[in-house]
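User: I'm in my first year and still learning to read protein models. Could you take me through one part of this one slowly, and show me how it fits with the rest?

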Amino acid sequence: MADLYALDLALDLRESVPDPVLAVLRRHLGEGEPTSDDGFDMYPLLAERGPAYRIGGVCVAELARTETGWSLTARQEVHAELMPDVDALVELLAAHSDTVGVIGQLRWYEDYVLELLINESGTVTRLSLTPEPTLP
């Protein structure tokens, strides 16, 4: 049994996103040299490519330049112990995004119920979806 989550992100970043934020994002995408923050190695959260190990489908991540900034789309498997890092990255990205509403989703790999990641004025809120109870 693995402690993996399926993470999906789709959001746009403003033209004014600072270069250090883009550098952090690019390192998470697996571009450039790994770095450490405060003495801890930064694990690239969005760097996997190819068939997913447990969640099905393919792990992908793409950052593309647009006329108004940047667009990011990612689908990754993330180990449970890295979830605080995922939360920090999503918060950082949301603070520089004009994408309002759902910017992603998170699901434990063995479950079919997911949490929506919602950008509300630069702050991320998680909304857990629960199935309606079945009637007898």
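Analyst: Let's look closely at the sheet and at what packs on it. Keep in mind that this is a predicted model.

Start with the overall plan. The protein has two helices and nine strands, and along the sequence they follow the pattern β-α-β-β-β-β-β-α-β-β-β. Its radius of gyration is 15 Å, close to the 14 Å that the globule rule gives for 136 residues, so the protein is as compact as a globular protein of that length. If you draw a box around the C-alpha atoms along the principal axes, you get roughly 55 × 30 × 30 Å.

Now for the sheet. Seven strands make an open sheet, and if you walk across it you meet them in the order β4-β5-β6-β1-β7-β8-β9, with antiparallel pairing. At the edges stand β4 (50–51) and β9, and each has a single partner strand, so one side of each is left without a neighbour in the sheet. In general, strands of a sheet pair through backbone hydrogen bonds, either parallel or antiparallel.

Zoom in on β1 next. With β6, β1 pairs in the antiparallel sense over eleven bridges. With β7 (residues 101–108), β1 is also antiparallel, this time over five bridges. Asp-8 is a handy marker here: it stands opposite Arg-75 in β6, and Asp-8 also stands opposite Gln-105 in β7.

So what do the helices do? Helix α1 lies across β1, β5 and β6, and runs at about 40° to β6. As for α2, it packs on the sheet and touches β1, β6, β7, β8 and β9, while its direction makes about 125° with that of β9.

Let's stay with α1, residues 19–28, for a moment. Its buried residues are Val-21, Leu-22, Leu-25, Arg-27 and His-28. As a rule, an α-helix has 3.6 residues a turn, so residues three or four places apart point the same way. The buried residues of α1 pack against β1 (4–14), β5 (58–66), β6 (69–79) and α2 (83–94). Just after the helix comes Gly-30, with a positive phi of about 90°.

Next, the greasy middle. The largest nonpolar core has 28 residues, and the ones with the most contacts inside it are Leu-7, Leu-9, Leu-25, Leu-46 and Leu-72. Two or more residues come from each of β1, α1, β5, β6, α2 and β7, and α2 gives the most, with six residues. Take Leu-9: beyond its neighbours within four places in sequence, Leu-9 is in contact with Leu-46, Leu-72, Thr-73, Ala-74, Val-90, Ile-103, Gly-104 and Leu-117. Apart from this core lies another one, of seven residues, including Ala-2, Leu-4, Ile-55 and Cys-59. More broadly, nonpolar side chains in soluble globular proteins tend to be buried together.

Over the whole protein, 39% of the 136 residues count as buried. Of the contacts between residues at least 6 apart in sequence, 56% join residues at least 24 apart. The protein exposes about 8100 Å², and carbon and sulfur atoms supply 54% of that.

Last stop: the loop between β8 (115–120) and β9 (123–128), where Ser-121 lies. Most residues other than glycine have a negative phi. Ser-121, though, has a positive phi, near 55°. Is Ser-121 buried or exposed? Its relative accessibility is 81%, and residues over 50% are called exposed, so Ser-121 counts as exposed.

Technical notes. Residues are numbered from 1 along each chain as its sequence is written. This is a predicted model: local features need pLDDT of at least 70, side-chain atom pairs count only at pLDDT 80 or more; totals for chains, interfaces and linings use all residues. Side-chain values use heavy atoms; hydrogens and water are left out. Buried means under 20% relative accessible area, exposed over 50%, partly exposed in between (1.4 Å probe, protein chains only). Helices (H or I, at least four residues) and strands (E, at least two) are DSSP runs, numbered from the N terminus. Contact means heavy atoms within 4.5 Å. Two strands pair if DSSP finds at least two bridges between them. A nonpolar core is a set of buried Ala, Val, Leu, Ile, Met, Phe, Trp, Tyr and Cys residues joined through side-chain atoms within 4.5 Å. The radius of gyration is taken over C-alpha atoms; the globule rule is 2.2 Å times the number of residues to the power 0.38. Accessible areas come from the Shrake-Rupley method with a 1.4 Å probe; for residues, only the protein chains shown count as cover. Axes are lines fitted to C-alpha atoms, for helices over the stretch in contact, and angles run from 0 to 180 degrees between N-to-C directions.
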